[in-house]
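Biologist: I am new to this structure and would like a close look at a single part of it. Please take me through that part carefully, and then through whatever helps me to place it.

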Amino acid sequence: MLSSSILTGLVLGMASIMPAIAQSACNGQSAYCDRKYSNVTQVGAHDSPFVGLLLSDNQNLNVTGQLDLGVRFLQGQTHKSLVDDTILLCHTSCLLEDAGTLESYLATVKTWLDSNPDEVVTLLLTNDDSLPVAQFGDVFTSAGLKDYAFVPSSSPSTLAIDAWPTLRELIGNGTRLVAFLDYGADASTVPYILDEFAYFFETPYDVTDATFSNCSIDRPAGASATGRMYIVNHFLDVDILGILIPDRERAPETNAVSGSGSIGAQSDLCESMYGRLPNFLLLDFVDQGEPIAAQSALNGV
Ligand SMILES: *[C@@H]1O[C@H](CO)[C@@H](O)[C@H](O)[C@H]1NC(C)=O
Ligand SMILES: *[C@@H]1O[C@H](CO)[C@@H](O)[C@H](O)[C@H]1NC(C)=O
Ligand SMILES: *[C@@H]1O[C@H](CO)[C@@H](O)[C@H](O)[C@H]1NC(C)=O
Ligand SMILES: *[C@@H]1O[C@H](CO)[C@@H](O)[C@H](O)[C@H]1NC(C)=O
């Protein structure tokens, strides 16, 4: 009969080697496990909370549906509630479209992470009403996401682009949520809410050129590409009497693997400018076209 101390030793011994053997696939592919987070191309859902058939809606699938489809990068706009201090997900204004509280959205992401242990999800929130980062931290805590959030070893300094862990390391460490805020992040206040523009540059947004012929750096203004990952705003708008609305009709071509204005074509253009592929491409209507096939092709899997 094994003594309980031997049993405990065995269990602890097994637990300590678990992180090294646990994942045979990371974000759906074994080939991604040993790639640095900063060296994987991932498609994302732009305005991921705005789901439906309104002219202002950007997505057909809700956040769970987006994640189930294979999307691992979620972007959302936050605003202060018109009546109290609650952080809401609103489109431009809470009068135009209110998609509920950030807490409820984050709780949905947490539920999904709980049932999908080999997945790393990246979140990019915008802080349209310049709310204090501590208030975002409170919401991450109450939604139960704080414990999943990655804190760089360099914190509060920015982690260098080539110092990022691999997806396997993120999964093994249980830090499977990487969260960025566009403005107002402060790593010394909330270490897991990372400063988007310290880590990335972005190409222009609100693009109405269906060929997506521009990969120039739009934000941060005057930034250098060196040392930054990058996000390509690959969602097409159509200008209707001066108002930009998501181009639902062209989404199958915009989100195609290849062809004029496709995910593949814009990625090729950007790669020719920066010598490396985009880290993230933000898309409207992720259920249209073939975003996941495009992502696989770009990553060579
Ligand atoms: C998301 O969409 C699916 C499919 O339409 C639906 O079953 C599910 O209840 C929705 N989830 C939420 C949180 O709205
Ligand atoms: C994993 O977690 C340990 C303990 O918190 C930490 O020291 C280490 O830097 C983490 N590794 C990565 C890759 O994040
Ligand atoms: C490409 O984008 C940059 C950055 O936003 C902008 O300055 C430039 O005018 C754009 N070029 C064209 C041809 O639209
Ligand atoms: C990852 O590294 C390979 C090899 O250097 C490079 O071709 C590719 O563009 C990189 N991808 C990203 C997203 O950095």
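Modeller: Let us begin with Leu241, which sits in the loop between strand E10 (237-240) and strand E11 (243-246). Please keep in mind throughout that this is a predicted model. Although Leu241 is not a glycine, its phi is positive, at about 50 degrees. With a relative accessible area of 86%, Leu241 counts as exposed, because the cut-off for that word is over 50%.

A residue that invites comparison is Asp206, which lies in the loop between E8 and E9 and has a positive phi of about 55 degrees, although it is not a glycine either. The relative accessible area of Asp206 is 36%, so this residue is described as partly exposed.

The loop between strand E8 (200-202) and strand E9 (229-233) also holds Pro220, and here the backbone has another feature to look at, since a cis peptide bond with an omega of about -10 degrees joins Arg219 and Pro220. A cis peptide bond also joins Ser155 and Pro156, with omega about 5 degrees, and Pro156 has its place in the loop between helix H4 (133-142) and helix H5 (167-172).

From these loops we can turn to a helix. Helix H8 covers residues 263-274, and its twelve residues should span 16 Å at 1.5 Å a residue, which agrees with the 16 Å that separates its end C-alpha atoms. The buried residues of H8 are Ile263, Gly264, Gln266, Ser267, Cys270 and Tyr274. When H8 is seen down its axis, these buried residues fall within an arc of 165 degrees, so they line one face of the helix. In general, an α-helix has 3.6 residues a turn, so residues three or four places apart point the same way.

Just beyond that helix in our tour comes ligand 4, which has around it Ser38, Asn39, Val40, Thr41, Arg276, Leu277, Pro278 and Asn279. By class, this shell consists of three nonpolar, four polar and one charged residues. One oxygen atom of ligand 4 is 2.4 Å from an N or O atom in the side chain of Asn39, and an oxygen atom of the ligand is 2.9 Å from a polar backbone atom of Leu277. On its own ligand 4 exposes 360 Å², of which the protein buries 61%.

Key:
Residues are numbered from 1 along each chain as its sequence is written. Chains are lettered from A and ligands numbered from 1 in the order in which they are written. This is a predicted model: local features need pLDDT of at least 70, side-chain atom pairs count only at pLDDT 80 or more; totals for chains, interfaces and linings use all residues. Side-chain values use heavy atoms; hydrogens and water are left out. A residue is near a molecule or strand if one of its heavy atoms lies within 4 Å of it. A polar contact is a pair of N or O atoms within 3.5 Å; within protein, one must be able to donate a hydrogen and the other to accept it, and residues adjacent in sequence count only if both atoms are side-chain atoms. Accessible areas come from the Shrake-Rupley method with a 1.4 Å probe; for residues, only the protein chains shown count as cover. Ala, Val, Leu, Ile, Met, Phe, Trp, Tyr, Cys and Pro count as nonpolar, Asp, Glu, Lys and Arg as charged, and the others, Gly among them, as polar. Helices (H or I, at least four residues) and strands (E, at least two) are DSSP runs, numbered from the N terminus. The expected span of a helix is 1.5 Å times one less than its number of residues. Buried means under 20% relative accessible area, exposed over 50%, partly exposed in between (1.4 Å probe, protein chains only). The arc is that of the directions from the helix axis to the C-beta atoms.
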